[in-house]
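Colleague: Please give me a close look at a single part of this model. Pick one element, follow it from its length to its packing, and then go through the side-chain pairs.

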Amino acid sequence: MRIFIIFFMLFAFAFGDGHKYKHKYIYNNDLSFLDLSQNQQEEIKNILKNYSKKLKHLRELKDDIEDEKEDLFKESEFDKDKFIELQTGYEMTRLSLQAELLAQIHAVLDKKQRKQLSKNLEHWNIR
């Protein structure tokens, strides 16, 4: 048994690739790599503070919609149109919030910083 464990550990170390990330900045919504000025940092901080409040509202909306979808499923007949309406409404609100956030951040950054951030936009998706 010990030989198996030792073999397994050696195999894991030899063939494991560790934690490789596409970018060296792995934290969601991290802007430290942009070398923001003090003024930009304050503006981004305010944008993110307002975004946080809106995100809380979005999560509450999602919970409400999930409750409504559960109620739909409990009915004797499933209303596909209502389901689609609920889900589409949530998705549109989510996308609108994400677009608003990115537009506000875009306005604060200079051309070089926008180019750098464009490579990390996948980390700014609201889930």
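Modeller: Start with a yardstick: the expected span of a helix is 1.5 Å times one less than its number of residues. The structure is a predicted model. The part I pick is helix α2, residues 38–74.

First, length. Helix α2 has 37 residues, so at 1.5 Å a residue its span should be 54 Å. Its end C-alpha atoms are 54 Å apart, which agrees.

Next, burial. The buried residues of α2 are Gln 40, Ile 44, Ile 47, Tyr 51, Leu 55, Leu 58, Ile 65, Lys 69 and Leu 72. A general point helps in reading such a list. An α-helix has 3.6 residues a turn, so residues three or four places apart point the same way. The buried residues of α2 pack against two elements, α3 (80–108) and α4.

Take the α4 side. Helix α4 covers residues 111–118, and Gln 113 is found there. Gln 113 counts as buried because its relative accessibility is 4%, and the cut-off for buried is under 20%. Leaving aside neighbours within four places in sequence, Gln 113 is in contact with Leu 34, Asp 35, Leu 36 and Gln 40. Of these partners, Gln 40 is itself a buried residue of α2. Leu 109 also touches Gln 40. The other residues that Leu 109 touches, not counting those up to four places away in sequence, are Leu 34, Leu 36, Arg 114 and Leu 117. Gln 40 is thus in contact with Gln 113 and with Leu 109.

That leads to the nonpolar core. The largest one has 19 residues. Those with the most contacts inside it are Leu 31, Leu 34, Leu 36, Ile 44, Ile 105, Leu 109 and Leu 117. Two elements, α2 and α3, give two or more residues to this core. Helix α2 gives the most, with 7 residues.

Now the charged pairs. Side chains of opposite charge can pair when their charged atoms come close. The structure holds 4 salt bridges. Here are some of them.

Lys 54 forms a salt bridge with Glu 100, with the closest N and O atoms 2.3 Å apart. Lys 54 lies in helix α2 and Glu 100 in helix α3, so the pair ties together parts that are 46 residues apart in sequence. How accessible are the two ends? Lys 54 counts as partly exposed, at 35% relative accessibility. Glu 100 is partly exposed as well, at 31%.

A second bridge stays within α2. The side chains of Lys 69 and Glu 66 meet at 3.1 Å, N to O. Both residues lie in helix α2, 3 residues apart, about one turn of the helix. Glu 66 is partly exposed at 30% relative accessibility. Lys 69 is buried, with a relative accessible area of 14%. Why does Lys 69 count as buried? Its 14% relative accessibility is below the 20% limit for that class. Leaving aside neighbours within four places in sequence, the contacts of Lys 69 are Phe 83, Leu 86 and Gln 87.

For comparison, look at a bridge inside α3. Arg 94 pairs with Glu 91, the closest N and O atoms being 2.7 Å apart. Arg 94 and Glu 91 sit 3 residues apart in helix α3, about one helical turn. Arg 94 is buried, with a relative accessible area of 14%. Glu 91 is partly exposed at 26%.

Last, the rings, where α2 ends. A pair of aromatic rings is described by the distance of the centres and the angle of the planes. The structure holds 2 aromatic pairs. In the pair of Phe 73 and Phe 78, the ring centres are 5.8 Å apart and the planes are at 70 degrees, so the pair is edge-to-face. The rings of Phe 78 and Phe 83 have centres 5.6 Å apart and planes at 50 degrees, so this pair is tilted. Phe 73, Phe 78 and Phe 83 form one aromatic cluster.

Accessibility within the cluster varies. Phe 73 is exposed, with a relative accessible area of 65%. Phe 78 is partly exposed at 40%, and Phe 83 is partly exposed at 29%. Phe 83 also links back to the charged pair in α2, as one of the contacts of Lys 69.

Key. Residues are numbered from 1 along each chain as its sequence is written. This is a predicted model: local features need pLDDT of at least 70, side-chain atom pairs count only at pLDDT 80 or more; totals for chains, interfaces and linings use all residues. Side-chain values use heavy atoms; hydrogens and water are left out. Helices (H or I, at least four residues) and strands (E, at least two) are DSSP runs, numbered from the N terminus. Buried means under 20% relative accessible area, exposed over 50%, partly exposed in between (1.4 Å probe, protein chains only). Contact means heavy atoms within 4.5 Å. Rings of Phe, Tyr and Trp (its six-membered ring) pair if their centres lie within 6.5 Å; planes under 30 degrees apart count as stacked, over 60 as edge-to-face and the rest as tilted. A nonpolar core is a set of buried Ala, Val, Leu, Ile, Met, Phe, Trp, Tyr and Cys residues joined through side-chain atoms within 4.5 Å.
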